[in-house]
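Biologist: I would like to go through this structure with you. Please tell me how each label is earned.

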Amino acid sequence: MTTNRACVWVGARKVEVQERPIPAVGEGDVLVEVISTGICGSDCHNWESDKISKQLILGHESAGIIKEVGKGVTDRVIGQRVAIEPGFACMTCEFCLRGNPNICSNLKYCGLDPTDGTLCQYVACRASMTVPIPENISWEEAGAIQPLAIAVQLARRAALNSHHTLAIFGCGPLGLLILAVAKAYGVRKVVMFDIEQSRADFAVKYGAHAGIVPPQRGESQEPLAFAQEYATSLHKELGVGSGFDVTVEASGAEVCAQMAICLLKNGGTCIQAGLGKPLTSVPLFLLTARELNIKGTVRYTPGCYADAIDLLSRGLIDLKPLITSTYPLTKCVEAFEAQHARKDIKIVIMNQE
């Protein structure tokens with residue numbers, strides 16, 4: 001261990017490779033040689049920002065090999081392949097104590113200012129934040145375990161079941177991973193929506209029953225009336241009776257949030273996963289009149305990583321089609337430019353290259 005190259009934010013839309021010290025290992029910690037790291041939208045948001053408080057190491061979707069264990073660690077060994085959970089929950093606040101460390105009131109998160117991320121060669125973390133991964137999962141796939149765990153958490157929030165019908169708005173990485181989890185759980189019908197035909201077509205190739213580009217609302221059409229009329233036509237066209245059991249809004253667009261509610265059957269559930277405007281207009285009267293449910297979802301809870309790894313290891317989910325590019329860490333500038341261009345579905349950086 002002679003170097004610890006890191007991808008560091010140094011200004012708006014500007015990263016550079018810097019040398020950072022190899023971190024010390026505490027009594028309950030492990031040192032991980034990071035092999036792969038996926039890039040996601042929040043990384044790109046940081047990359048674009050001009051408001052980061054320091055030169056921040058980016059990245060949080062990482063996996064690697066344990067190189068050193070602290071004196072108090074008994075359940076991890078040198079040479080073990082692991083995924084790194086990037087959320088540093090305090091484990092003492094009311095939310096952690098009730099089993100929701102994803103909404104910890106003192107949460108620190110890798111790559112989220114001011115906490116350094118994992119897009120470097122070596123990371124030290126609590127041993128409990130590492131989850132073993134078997135040999136039959138490739139390093140490229142391992143770099144996408146974290147977002148798959150987020151999709152598993154969403155499925156928990158939705159209580160997805162095999163008899164359900166599901167509509168997903170947004171055919172980006174998160175939407176596609178939710179599709180993958182839904183298919184693994186045997187969900188009866190999954191329909192996906194996107195504004196780009198190529199992404200809707202990819203969703204069908206990846207297992208969706210239909211991929212739809214919705215029509216544009218006319219200038220004279222009132223938004224809610226448009227959403228309700230379109231929803232009624234889709235119910236008949238797709239054969240989902242009076243509506244979908246579950247809808248997932250993974251785009252953050254206001255019009256999609258409205259449509260996701262209108263597409264539900266009475267008593268259905270909408271999961272809001274996309275990060276849109278701070279204030280969005282939705283038809284609240286429908287929630288009451290039709291006893292609908294809206295739930296937010298963020299990050300993952302205990303066991304989501306293990307579930308994601310098990311689904312991968314058993315071949316119930318295949319991440320390979322989603323990983324459309326890999327870059328060495330030394331070319332992280334090009335990787336972030338590619339992420340910003342949105343031509344790839346999932347980009348993975350190989351940290352040791």
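Modeller: Let us start with the cysteines. This is a predicted model. A search of the whole structure finds 0 disulfides.

Biologist: How do you know that Cys-96 is in no disulfide?

Modeller: Look at the nearest cysteine sulfur, that of Cys-104, which is 3.7 Å away. A disulfide needs the two sulfur atoms within 2.5 Å. The value of 3.7 Å is outside that cut-off, so Cys-96 is in no disulfide.

Biologist: Is Cys-96 buried or exposed, and what makes it so?

Modeller: Its relative accessible area is 6%. Buried means under 20%. Therefore Cys-96 is called buried.

Biologist: What about Cys-304: which cysteine sulfur is nearest, and how far away?

Modeller: That of Cys-96, at 14 Å. The cut-off is 2.5 Å, so Cys-304 is in no disulfide either.

Biologist: Why is Cys-304 called buried?

Modeller: Cys-304 has 0% relative accessibility. That is under 20%, so the label fits.

Biologist: Now the domains. Where do they lie in the chain?

Modeller: The domain assignment gives domain 1 as 5-144 + 319-350 and domain 2 as 148-296. Their centres, taken over C-alpha atoms, are 30 Å apart. Domain 1 brings 9 residues to the contact, and domain 2 brings 9 residues.

Biologist: How much area do domain 1 and domain 2 bury between them?

Modeller: About 840 Å², with 60% of it on carbon and sulfur atoms. On the domain 1 side, Leu-322, Arg-342 and Ile-345 supply 57% of the area buried against domain 2. That is more than any other three residues.

Biologist: What makes the pair Glu-196 and Arg-342 a salt bridge?

Modeller: Their side chains meet at 3.2 Å, N to O. The cut-off is 4 Å. The distance is within it, so the pair counts as a salt bridge. Between domain 1 and domain 2, the count is 1 salt bridge.

Note on methods
Residues numbered from 1 in each chain as written. Predicted model: local features only at pLDDT ≥ 70, side-chain atom pairs only at ≥ 80, totals over all residues. Heavy atoms only, no water. Domains from an automatic or database assignment. Contact = heavy atoms within 4.5 Å. Buried area = accessible area lost by both parts, 1.4 Å probe. Buried < 20%, exposed > 50% of the residue type's maximum accessible area, 1.4 Å probe, protein only.
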